[in-house]
Amino acid sequence: MKCPALSVKNLSIRFDDSSGRRQVVDRVSFSINAGEATGLVGESGCGKTMLSLAIFGLLPSTGVYVESDGIEINGHDISTLSAKQKRAVLGRDIAMIFQQPGTALDPVFTIGQQISAVYRRHNPGDKTKTRQAMLDALEDVGFGELEEIAASYPHQLSGGMRQLAMIAMATVCKPAVIIADEPTTALDSSTRLMILQQLERLRTKYQTAILLISHDLTVVRQSCSDVMVMYCGRLLEKTDCQSLFTRARHPYSAGLLSCIPQIGNSRPDGINAIPGQVPAATDLPRGCHFAPRCNRAESACRQSVPDFHYENGKGVACFRPL
Amino acid sequence: MNSPMQQPSPPLLEIRDLSLRFQKPERLIIDRVSFSIEAGSTLGVVGASGAGKSSIARTIMRLIEPDEGKVLFKGEDILQMDPRQLMATRQRIQLVFQEPSASLSPRRSIQQILLEPLQHFSIGNAEQRQEKILQTLQTVGLDGDVLRRYPHQFSSGQQQRIAIARALVTDPELLIADEAVASLDVSIQAQILQLIQTLQKDHGIAFLFISHDLGVIRQIADDIAVTYRGQLVEQSSADQFFSAAAHPYSKALLSFASHKPPLQPKGNRLRLGRGRTESDKAPVCVFARHCPEKVPVCEQVEPADHVIRYRNQHKAGRHCVKCHLYNKVNNHDF
């Protein structure tokens with residue numbers, strides 16, 4: 001049996017500082033096969049980005065406690081590696097695309113220099129080979145004038161182009177896993193479509209496993225086969241995209257879906273919203289964290305935490321699923 | 001006899017042939033844009049980034065001086081006003097920006113943030129001001145106990161409520177919302193849109209609502225204006241737009257926004273974006289190069305604004321499109 005490209009087992013993240021103890025991620029497990037894309041959705045502050053940073057090993061070492069039963073890339077556990085050993089893995093086997101390409105790219109180096117630096121780190125030596133790999137990566141994401149793009153500084157490119165350059169940087173070493181953290185937020189719809197198309201192309205071309213993090217279910221629907229819904233650090237529902245959009249089981253998933261503005265021939269009468277807001281991580285409610293905002297909650301929901309029930313590869317953590 | 005009925009009073013806001021150029025490098029940002037907003041109605045301005053949406057908003061507030069055109073607020077040209085008149089008008093028009101955390105000063109309490117516009121426009125005495133602040137907070141769904149806190153103590157959704165409250169304290173008649181929900185999560189976005197609907201219905205505030213998200217626009221706009229590279233290419237009522245968009249660019253926008261999978265990768269190579277230079281300003285259609293329905297005339301002559309006629313013209317309202325395909329002289333079968 002082939003092992004999944006990325007497998008995360010019981011990952012928990014806890015912050016301990018002066019403001020108290022905060023459980024930001026609570027026993028999250030999932031796996032993604034090569035060539036598949038899985039979406040991770042949830043509101044801001046529910047731990048999506050923390051999860052991705054923990055997989056990548058980018059969280060600070062003081063005051064943050066990361067525990068897991070293993071984070072495996074192609075069967076190799078990277079959670080036990082030292083910082084030095086990890087550096088050989090990051091960029092080569094797993095790469096990350098950040099939300100703000102303007103901040104993530106270095107303003108004083110050209111796009112070409114920055115992409116080459118990643119390649120050189122894992123394939124030292126040969127300058128012409130590095131250059132060729134850099135230009136190939138730019139071509140892969142759909143750029144036309146390769147030399148001109150390579151010689152540009154980040155500020156000379158538009159937001160969409162910077163994001164494509166980031167994707168080129170992430171894919172220059174052909175990693176097995178790419179984590180894309182809100183790659184299309186703050187881009188307009190046509191640019192967003194272009195970015196998603198390029199990610200899709202790379203996924204099929206190199207059989208990359210993609211974890212796409214987004215608060216936008218539309219983005220996930222456009223580019224992922226599976227989807228996980230997260231709230232206050234816990235996974236609430238894990239299913240394939242089709243099922244989520246046709247028959248969401250968790251009331252929170254259903255709430256998120258109803259918030260998506262629909263484009264119809266007639267103007268909708270009202271706007272659906274989930275009442276209330278995400279509770280602070282220092283002040284999580286007992287039982288199911290979503291219970292105070294849930295219109296199906298009963299007393300059991302406020303007392304104990306529902307387990308994750310699996311059925312045919314789909315799962316939901318709810319006492320009263322839809 | 002088919003001319004649109006003359007309104008007895010001027011619209012709340014009317015823009016006529018507004019143009020804006022940037023120098024060095026020379027770019028045409030806004031190209032002869034005209035539209036109007038009636039009191040209490042909402043115009044949704046859509047278009048890709050760089051289409052000039054925000055520049056139009058800033059020009060209306062005269063934060064940028066345009067090169068040509070008129071901005072008439074209740075019939076008076078904002079661009080010709082002296083500083084005193086301008087100040088009085090700005091009290092009636094307020095802006096809400098995209099990024100709430102960036103538009104609220106981190107060093108000021110909510111009390112100070114909400115008090116400043118009242119002081120600036122010398123509205124009321126101390127007691128009345130405090131009453132107004134509390135009343136506005138209630139409108140946007142916040143309690144009075146937020147006043148002593150600072151912006152960083154709030155979530156992005158609450159920050160946007162505060163930014164909207166700041167715009168509301170001066171009792172504006174027109175709110176310009178420049179991508180006001182773009183940086184918010186879908187769930188928070190829905191809550192803010194609910195608030196905006198309340199302001200439309202219960203307070204009769206007119207909105208110029210700029211967004212690239214057609215789904216959001218669908219929820220709250222009465223009329224739609226589509227911008228492309230500085231021009232308005234289509235203008236119509238929201239119902240007409242979403243049932244029968246006419247301009248090829250509008251149709252493309254609608255297909256981008258449809259939620260349907262799957263994605264088909266395109267073979268097109270991406271070129272460096274250079275904005276629109278003056279030399280591009282040859283008299284051709286701005287969308288011709290990317291238009292799937294292009295005909296030869298599109299690359300020779302700039303299209304005029306064609307009005308699409310409906311059988312029930314009065315009910316349908318005016319539907320205007322800048323496209324040769326709708327020119328009856330060239331296209332008899334339409």
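Which residues of α4(B) are buried? In this predicted model, the buried residues of helix α4 in chain B are B:I110, B:I113, B:L114, B:L115 and B:P117, and they pack against α5 and α6 (156-168) of chain B. A general property of helices helps in reading such a list: an α-helix has 3.6 residues a turn, so residues three or four places apart point the same way.

The packing of α4(B) on α5(B) can be followed in more detail. Helix α4 covers residues 110-120 of chain B and helix α5 covers residues 126-139, and their axes come within 10 Å and cross at roughly 130°. Because an angle of that kind is neither roughly perpendicular, which ends at 115 degrees, nor roughly antiparallel, which begins over 145, α4(B) is oblique to α5(B). The crossing itself is right-handed. On the side of α4(B) the contact is formed by B:L114, B:L115 and B:L118, while α5(B) contributes B:R129, B:K132, B:I133 and B:T136; sorted by class, these are four nonpolar, one polar and two charged residues. Beyond the end of α4(B) comes B:S122, which has a positive phi, near 50°.

Stepping back to the whole of chain B, one finds 11 helices and 12 strands, and of its 334 residues 43% are buried. Among the contacts in chain B with a separation of 6 or more, 66% are between residues 24 or more positions apart.

Chain B also touches chain A, in a contact that takes 38 residues from chain B and 42 residues from chain A. On the side of chain B, at least two residues each come from α6, α7 (186-203), α8 (214-220), α9 (238-244) and α10 (248-257), and α7(B) gives the most, with seven residues. By class, this side of chain B has 16 nonpolar, 15 polar and seven charged residues.

What of the interior? The largest nonpolar core has 181 residues, and those with the most contacts inside it are A:A168, A:L236 and B:L208. If residues up to four places away in sequence are left out, A:A168 touches A:I115, A:A137, A:L138, A:D140 and A:V141.

Two of these residues lead into the helix packing of chain A, where helix α4 (residues 111-122) and helix α7 (residues 159-171) pack at an angle of about 25°, with their axes 8 Å apart. That angle makes α4(A) roughly parallel to α7(A), and their crossing is right-handed. The residues in contact are A:I111, A:Q114, A:I115 and A:V118 of α4(A), together with A:A165, A:A168 and A:M169 of α7(A), so that A:A168 and A:I115 appear here again. In this contact there are six nonpolar residues, one polar residue and no charged residues.

Helix α7 of chain A has a further partner in helix α8 (residues 189-206) of chain A, since the axes of the two come within 10 Å and cross at roughly 15°. The two helices are therefore roughly parallel to each other, and α7(A) passes α8(A) in a right-handed crossing. From α7(A) the contact draws on A:G160, A:Q163, A:L164, A:I167 and A:T171, and from α8(A) on A:T191, A:M194, A:I195, A:Q198, A:L199 and A:L202. By class, this contact has six nonpolar, five polar and no charged residues.

Definitions and conventions. Residues numbered from 1 in each chain as written. Chains lettered and ligands numbered in written order. Predicted model: local features only at pLDDT ≥ 70, side-chain atom pairs only at ≥ 80, totals over all residues. Axes fitted to C-alpha atoms, helices over the stretch in contact; angles between N-to-C directions. Helix = DSSP H or I, 4+ residues; strand = E, 2+ residues; numbered from the N terminus. Parallel < 35°, antiparallel > 145°, perpendicular 65-115°, else oblique. Left-handed = near helix turned anticlockwise from the far one by under 90°. Contact = placed C-beta atoms within 7 Å. Nonpolar A, V, L, I, M, F, W, Y, C, P; charged D, E, K, R; others polar. Buried ≥ 20, exposed ≤ 12 C-beta atoms within 10 Å, placed from the backbone. Core = buried A, V, L, I, M, F, W, Y, C linked by C-beta atoms within 7 Å.
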